[in-house]
Amino acid sequence: MEKPAASTEPQGSRPALGRESVQVPDDQDFRSFRSECEAEVGWNLTYSKAGVSVWVQAVEMDRTLHKIKCRMECCDVPAETLYDVLHDIEYRKKWDSNVIETFDIARLTVNADVGYYSWRCPKPLKNRDVITLRSWLPMGADYIIMNYSVKHPKYPPRKDLVRAVSIQTGYLIQSTGPKSCVITYLAQVDPKGSLPKWVVNKSSQFLAPKAMKKMYKACIKYPEWKQKHQPHFKPWLHPEQSPLPSLALSELSVQHADSLENIDESAVTESREERAGGAGGEGSDDDTSLT
């Protein structure tokens, strides 16, 4: 089996905001991401309840650039199960109620690919999508998955969606025992638009905690689901199983936020059904789709 490994090119640290060319993250990039996930200075705690905590970056609270960090303690979920759940695109379509469409496009290396993801935003905001370069790396008993936005010539922005920009988004999964772990989600995203304050507040106070809890429920049900759906097919662990076509890095370019249209939604008010408790547009806590 080919062993996934970070790029060994002799590159220095590449700040997410200053990336000028498409490159597969190296070991230093993974270490930097881990350090930011574990950092406390400069973050404001906005939610802490039932093992889920949410922070926002203090200096970004009133800007269009949104930076959020969520952490959840997962009892009865091994780190490797959570890692599988985050990778398994077919299972995501079952449990992620915000997803509109998601698919892998091409393989770059044994531990990097390019994919598409579109999602529902709180009504009446326009829905968003992204094209990202995603990379992953097991680090002992821990795992990292992270991504950033790229441009693919065959997937330009769509008229019915707003193309957002992931400056750097990802997960750090840390094992705390044979059947327990802690997951940290870190997102630095430009939604390409001036969002109203209620969206920013709702994201940290309601949507992010709800998404984490839904992920936890999905992890509990995953082993049973996977037994019925190609139980041995895990290309993120066994790259030789990947059916994706290969793609050269030269085919991609960095998706700079300033090259996309900004949508001013700052005056948009929350819809009645959103105020009544609906999550990212359509989400419910019904788990019947996970069987």
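**Salt bridges around Arg34 and beyond**

Arg34 pairs up with Asp142 in a salt bridge, their closest N and O atoms sitting 2.7 Å apart. This bridge ties together distant parts of the chain: Arg34 belongs to helix H1, while Asp142 lies in strand S7 (residues 142-151), and 108 residues separate the two. Asp142 has a relative accessibility of 12% and therefore counts as buried, the cut-off being under 20%. All of this comes from a predicted model.

Arg34 has another partner as well. Glu38 forms a salt bridge with Arg34, and here the closest N and O atoms are 3.5 Å apart. Both residues belong to helix H1 (residues 27-38), and because they are four residues apart there, about one helical turn separates them. As for its surroundings, Glu38 is partly exposed, with a relative accessible area of 41%.

A further bridge turns up elsewhere in the chain, between Arg158 and Glu101, with 3.4 Å between the closest N and O atoms. Once again the pair links distant parts of the chain: Arg158 is found in the loop between S7 and strand S8 (162-163), Glu101 sits in strand S4 (residues 99-109), and the two are 57 residues apart. Arg158 comes out at 34% relative accessibility, so this arginine counts as partly exposed. Glu101 also counts as partly exposed, at 35% relative accessibility. Back at helix H1, shared partners make a network: salt bridges join Arg34, Glu38 and Asp142 into one.

These bridges are part of a longer list, as the structure holds twelve salt bridges. The protein chain that carries them has five helices and 13 strands. Of its 291 residues, 52% count as buried. Links across the sequence show up in the contacts too: among contacts in the protein chain with a separation of 6 or more, 67% are between residues 24 or more positions apart. On the outside, the accessible surface of the protein chain adds up to about 14200 Å², and carbon and sulfur atoms account for 52% of that area.

Methods
Residues numbered from 1 in each chain as written. Predicted model: local features only at pLDDT ≥ 70, side-chain atom pairs only at ≥ 80, totals over all residues. Heavy atoms only, no water. Salt bridge = Lys/Arg side-chain N within 4 Å of Asp/Glu carboxyl O. Buried < 20%, exposed > 50% of the residue type's maximum accessible area, 1.4 Å probe, protein only. Contact = heavy atoms within 4.5 Å. Areas by Shrake-Rupley, 256 points an atom, 1.4 Å probe, with all protein chains shown as cover.
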